[in-house]
Amino acid sequence: MREIIAGIFICMGIIVFALSLLGIYRLKYVMNRMHAAAMGDTMGLGLVVIGLIILGHDVFHIAKYILVILFFWMSSPIASHMIGKVEMLTNKDYDERVHGK
C-alpha cells in the first residue's frame, strides 16, 4: 500500500514538472515564465520528495529528504525574486508592459 501511495505522489510530481515545462515554453513574457518555473519546481519537487519519504525506511534518509525540501523552499523564492528584480531593472519596456495594458 505504501508503494502505491508513494507512486501516486511521484507521478503527480512528474506531471507538475511537465506542466511547468509546458508553461515555460508557451508563455511569452519573462516574468510569466519565471513564475511557471518557480511554482512548478517547488510543487513538483515537494510531491516527489513526499513520495520518497513515504518509501523511506531509515530515519536518517527521511531527515535528508526533509532538509532537501526545506533548502529548496528557502532558496527558490529568493532566486526567483532576484531574477525578477533584474528583469525589472534592466528591461526598458517594463513600465509599458505592466502599466500600459
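How many positive and negative side chains does the protein have, and how far apart do the centres of the two sets lie? In this predicted model, the tally comes to 9 positive and 7 negative side chains, with the two centres 4 Å apart.

On to the fold itself. The protein is built from 4 helices and has 0 strands, so that the order of elements, read from the N terminus, is simply α-α-α-α. As for overall shape, the C-alpha trace covers about 55 × 25 × 15 Å along its principal axes. The radius of gyration tells a matching story: the protein comes out at 17 Å, whereas a compact globule of 101 residues would sit near 13 Å.

Next, the surface and the packing. About 7500 Å² of the protein is exposed, and 74% of that area is supplied by carbon and sulfur atoms. Of the 101 residues, 25% are buried. Contacts were also sorted by sequence separation: taking those between residues at least 6 apart, 70% join residues at least 24 apart.

Helix α2 deserves a closer look. This helix takes in residues 30–55, 26 residues in total, and its first and last C-alpha atoms are 37 Å apart, close to the 38 Å expected at 1.5 Å a residue. A good many of its positions are buried, and glycine turns up repeatedly among them, at Gly 40, Gly 44, Gly 46 and Gly 51. Alanine joins in at Ala 36 and Ala 38. The buried set in α2 also includes Met 31 and Met 34, along with Leu 45, Leu 47, Val 48 and Val 49.

Notes: Residues numbered from 1 in each chain as written. Predicted model: local features only at pLDDT ≥ 70, side-chain atom pairs only at ≥ 80, totals over all residues. Heavy atoms only, no water. Helix = DSSP H or I, 4+ residues; strand = E, 2+ residues; numbered from the N terminus. Rg over C-alpha atoms; globule rule 2.2 N^0.38 Å. Buried < 20%, exposed > 50% of the residue type's maximum accessible area, 1.4 Å probe, protein only. Contact = heavy atoms within 4.5 Å. Areas by Shrake-Rupley, 256 points an atom, 1.4 Å probe, with all protein chains shown as cover. Lys, Arg positive; Asp, Glu negative; His and termini not counted. Charge placed at Lys NZ, Arg CZ, Asp CG, Glu CD. Expected span 1.5 Å × (residues − 1).
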